[in-house]
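Hi everyone, thanks for making time for this one. Please have a look at the structure on the screen, and then I'll walk you through a few of its details.

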Amino acid sequence: MWRQIKNFTKGVMKKLGLVKDLKRIEDHKQINVDENEYGTIEFNKRLYQGYVREWHDLRYLNTNQKIVERRQKTLNMPKVLAKKMARLVMNEGVNISLAKDSDKKQQWERVQDVFTSNKFIRELQRYLEYMFAMGGVALEIYLDGDQPKIAYATADAFFPISSDTEQVDEAVIANQFRKGEYVYTLLKWHEWGEYGKFNYRIKNELYRSKEFGTIGEKTNLKEAFDDMEKVTFFNRETPLFIYMKPNEANNKSITSPLGLSMFDVAYDTMQMLDVMYDFWYTEFRLGKRRVAVPEHLVKTAHDENGRPYIYFDDSEELFLAMNSQEMDEMQVKDLTIDLRVEDVTKSIQSMLDILSMQVGLSPGTFTFTQQGMKTATQVVSENSETYQTRSSHLSIVEDALRDLIVAVYEVVTMTDEEEGERLDRMDISIDFNDGVFTDSQSLYAYWSQGFKDGLVPKKETIKRIYKLSDDEAEEWMQEISAAGRQEVVNRRQAIAQAELEIET
C-alpha cells in the first residue's frame with residue numbers, strides 16, 4: 001500500500017515537472033489528491049474560456065460531398081454561470097468592519113489599508129468567478145518588503161500537501177510568468193514543522209523553461225527576485241494562505257480536499273445548449289431570402305481572371321416579353337423557407353431552466369427571449385432557490401474572509417514592539433449586502449410597521465431600512481432629534497409672533 005502511494009506521488013511530481021527534485025521530495029508529505037482531478041480542472045478551465053476542441057470542432061460532409069470544418073457556435077454558459085454567482089456572492093456593497101467596542105481600532109486601520117491598496121473587493125470578485133468555474137481559489141498573504149500583499153492562485157496552480165476535513169493546512173502554490181527570454185515558475189511550499197523556535201515556513205523554489213506549460217529546470221531565485229529568501233520562518237497558529245471552494249460536496253472524489261466547479265454536474269446540458277444555439281444560428285443563416293428566376297433573365301459576366309459567372313441583376317426595372325409563353329416563364333418564384341426560430345427559442349429556454357435547476361438557481365434566471373423587465377417584488381418571490389444557493393456559498397466565503405483578515409492582522413502587527421492579543425474572528429463584521437434580493441418598498445413597510453406597533457426601536461428601524469451601521473444610525477437619530485427640536489422652536493416662535501401682531 002505504501003509503495004503504491006509513493007509511486008503515485010512520484011507520478012504527480014513528474015506531472016508538475018519536478019523530476020530532478022524527486023530524490024529530495026521522496027520523504028515529503030504526500031500530495032493527497034488524485035492527479036485526474038487536475039484533468040477535470042483543466043477541462044473546466046477550457047469550458048470557461050469558451051472553447052473545448054472535442055465539443056466545438058465540427059467536421060462533416062456537405063451537400064456537395066465536400067468536407068466542411070468549422071467551429072460550433074457557443075452560448076458560453078460556463079462563463080455566464082460563474083460570473084452570475086460571483087456577482088451574487090460578492091459586490092461593491094460588501095462592508096467589512098470591526099466591532100465598535102473593540103480595542104484594536106488602530107491596528108484595524110492598517111488592515112483596511114492593506115485591503116484598499118490591494119483593491120481587495122474588486123479582485124476577490126474576479127477570482128470568485130474563477131473559483132466557481134474551476135472549483136477553488138487560494139488567497140495568500142505575503143510581505144513585499146515591509147508591505148503586506150494579497151496574492152491569488154486559481155485551482156490549477158494550487159496543490160495540497162496535507163489537509164483535514166475542514167481545510168487545507170499545507171500546500172504548494174505555483175506562479176508562472178515571463179521575464180526576458182525565459183518563462184519562470186515560482187513554487188511556494190507552505191509547511192508546518194519544528195524549525196528551531198519556529199513552527200511554520202515558506203520555502204521558495206524557482207524553475208525556468210522556454211515556454212509556458214512546462215516547469216523546466218531549477219534555477220537561482222536571484223534570476224527573477226532580488227530580495228526573496230529561499231526560506232522564511234514564522235511562528236503561526238494559522239497558515240498564510242486560505243483555500244476557498246464552492247460549497248458543494250465533491251461527489252467525484254469524496255476524500256479530496258479540492259472542490260467542484262459549479263457546473264460539474266451540467267456538462268451534458270451545456271453541450272446540448274451549444275448544439276441548439278448553433279442550430280438556431282444556422283436557421284437564420286439558411287433562412288435568408290432565395291428566389292428562382294428564368295434562365296434567360298440571368299446574365300453572364302467574367303471575373304478578373306477571365307472565368308465566366310452568371311448573375312441576376314435585381315436592379316433591372318424593365319424586362320421585354322416576346323410572347324405569352326415567355327411571359328409565363330418570366331415569373332420569379334420565392335423559395336425562402338419558413339424559419340423555426342420560435343420553436344428553437346422555446347427549446348433553448350427549456351434547457352436553460354434545466355441548467356438553472358442543476359446549478360442551484362431559480363427557473364427563469366436566464367431568459368433567451370426579451371420578455372420585459374421584472375419588478376423587484378418578482379425577484380424577491382421568484383429567487384428563493386437562488387437565495388438559498390447564494391447563502392450556502394456565502395457561509396464558505398465568510399469563513400475564508402475571517403481567516404484572511406486574522407492572518408492579515410497578524411502580518412501587519414508582526415513588527416510591533418509589543419505583541420498584542422490576536423484578533424478574534426467574532427470581532428469582525430461582514431455585511432454582504434442582500435439588497436439584490438430585497439424589495440426596498442417591502443423592506444420599508446415591514447420595519448416601519450414594526451416601529452408603529454412598538455415592537456422595534458426607532459434606531460433599529462433606521463438601521464435596517466437604510467443599511468446603516470450602529471454608529472451611523474445613532475448619528476441619524478441625533479440629527480432627526482435636533483431637526484425635531486428646531487421645528488418645535490420655530491413653531492413656537494411663529495405662534496408668539498402671530499399673538500404679538502394680534503395684540504398690536
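Let's begin in helix H12, where Arg402 and Glu398 sit four residues apart, about one turn of the helix. The two are joined by a salt bridge, with the closest N and O atoms 2.8 Å apart. I should say right away that this is a predicted model. Now, is each partner buried or partly exposed? Arg402 is buried, because its relative accessible area is 9%. Glu398, at 24%, counts as partly exposed.

Elsewhere, salt bridges with shared partners link Arg122, Glu123 and Arg126 into one network. Within that network, Glu123 pairs with Arg122, and their closest N and O atoms are 3.4 Å apart. Glu123 is buried at 14% relative accessibility, while Arg122 is partly exposed at 47%.

Another pair I'd like you to see is Arg208 and Glu223, whose side chains meet in a salt bridge at 3.1 Å, N to O. Which parts of the chain does this pair tie together? Arg208 belongs to strand E9 (residues 198-209), and Glu223 to the loop between strand E10 (217-219) and strand E11 (231-234), so the bridge connects parts 15 residues apart in sequence. Arg208 is partly exposed, with a relative accessible area of 29%, and Glu223 is partly exposed as well, at 30%. In total, the structure holds 16 salt bridges.

Back to H12 for a moment, this time with its neighbour. The axes of helix H5 (residues 77-89) and helix H12 (residues 384-412) come within 10 Å and cross at roughly 70 degrees. H5 is therefore roughly perpendicular to H12. On the H5 side, the contact is made by Met85, Leu88 and Val89; the H12 side contributes Thr386, Thr389, Arg390, His393, Leu394 and Val397.

On the surface, Tyr444, Tyr466, Trp476 and Ile480 make a nonpolar patch of about 410 Å². Of these, Tyr444 is found in helix H13 (residues 440-452), and its relative accessible area of 43% makes it partly exposed.

Finally, the chain as a whole. There are 15 helices and 17 strands, and buried residues make up 39% of the 504 residues. The accessible surface comes to about 30800 Å², with 50% of that belonging to carbon and sulfur atoms. And for those of you who like contact maps: among contacts with a separation of 6 or more, 61% are between residues 24 or more positions apart.

That's my tour, and I'm happy to go back to any of these spots.

Technical notes:
Residues numbered from 1 in each chain as written. Predicted model: local features only at pLDDT ≥ 70, side-chain atom pairs only at ≥ 80, totals over all residues. Heavy atoms only, no water. Patch = residues over 30% accessible without salt bridge, like charges linked within 9 Å, V, L, I, M, F, W, Y side chains within 5 Å. Areas by Shrake-Rupley, 256 points an atom, 1.4 Å probe, with all protein chains shown as cover. Salt bridge = Lys/Arg side-chain N within 4 Å of Asp/Glu carboxyl O. Helix = DSSP H or I, 4+ residues; strand = E, 2+ residues; numbered from the N terminus. Buried < 20%, exposed > 50% of the residue type's maximum accessible area, 1.4 Å probe, protein only. Axes fitted to C-alpha atoms, helices over the stretch in contact; angles between N-to-C directions. Parallel < 35°, antiparallel > 145°, perpendicular 65-115°, else oblique. Contact = heavy atoms within 4.5 Å.
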